[in-house]
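Mentor: Have a look at the model below and turn it around a few times. Then let's go through your questions one by one.

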Amino acid sequence: MGCVNRHDLGLLVLRAGTGAVLAAHGAQKLFGWFGGGGIEGTTAAMEAMGFHPPKHSALAAGLGEAGGGALLALGLATPAAGAAAAGAMAGAVAVHAPAGFFAQGGGYEYPAFLGFTAAAIGLTGPGRYSVDHATGHAFNQPWTVALAFAGSAVAAAAVVGRRARARVPEPEQF
């Protein structure tokens, strides 16, 4: 391939594909594009799924997917983009977990795959064919990796934990 670096080209393809899928899912949630419910429909769905406050949860999910996906596709602020998308997918995994692993039964296979892929890209870095590389990695520093993933993990644990506590039935009193 001459002067083209296969490693960096592979990261570009992986980033662009994963980022586009995530951005499209987020656009469904935020804008109602591609057959999605928009923010109103997503808010209602979040409430039905036990996420509170539902509108904040809808915005966080939509922004994590659309924003994280767009940034991943561009290779811009890659650690934060990967962490945001992975955190959003942690919430989706929590929703689908009761149905088991495989997607054909409504399971968490697909959101888990997107989350792991986004996290791997955020940890690995964007490669040479990216906005981060073109800007001298101004938004892709080692400390941003730790901060972004720690923040995303804390936020995802708080949201998923709050939902789980809200969904636990009250014990019957005699």
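**Cavity, salt bridges and overall fold**

Trainee: How do the residues lining the largest cavity divide into nonpolar, polar and charged?
Mentor: Keep in mind that this is a predicted model, where local features need pLDDT of at least 70, side-chain atom pairs count only at pLDDT 80 or more, and totals for chains, interfaces and linings use all residues. Numbering runs from 1 along each chain as its sequence is written, and side-chain values use heavy atoms, with hydrogens and water left out. A cavity here is a set of points on a 1 Å grid where a 1.4 Å probe fits but cannot get out, and lining residues have an atom within 4 Å of a point. Gly50, Phe51, His52, Val159, Arg162, Arg163 and Ala166 form that lining, and with Gly counted as polar they split into three nonpolar, two polar and two charged.

Trainee: Which residue does Asp8 meet in a salt bridge?
Mentor: Side chains of opposite charge can pair when their charged atoms come close. The cut-off is a side-chain nitrogen of Lys or Arg within 4 Å of a carboxyl oxygen of Asp or Glu. At 3.2 Å, N to O, the partner of Asp8 is Arg128.

Trainee: How far apart in the chain are those two residues?
Mentor: Asp8 sits in helix 1 (residues 6–31), a helix being a DSSP run of H or I with at least four residues. Arg128 is in the loop between helix 5 (109–124) and helix 6 (131–134), so the pair links parts of the chain that are distant, 120 residues apart.

Trainee: Is Asp8 buried or exposed?
Mentor: Buried means under 20% relative accessible area, exposed means over 50%, and partly exposed falls in between (1.4 Å probe, protein chains only). Arg128 is partly exposed because its value is 34%. Asp8 has just 8%, so it counts as buried.

Trainee: Which residue pairs with Lys29?
Mentor: The two side chains meet in a salt bridge at 3.1 Å, N to O. Lys29 is in helix 1 and its partner is in helix 3 (residues 54–74), 36 residues apart. That partner is buried, with a relative accessible area of 4%: Glu65.

Trainee: What is the radius of gyration of the chain?
Mentor: The chain has seven helices and zero strands. For 174 residues the globule rule (2.2 Å times the number of residues to the power 0.38) gives 16 Å, and the chain comes close to that, so it is as compact as a globular protein of that length. Taken over C-alpha atoms, the radius of gyration is 17 Å.

Key: 1 Å grid on protein atoms, 1.4 Å probe; cavity = no way out; pocket = protein on both sides within 12 Å on 5 of 7 lines; lining within 4 Å.
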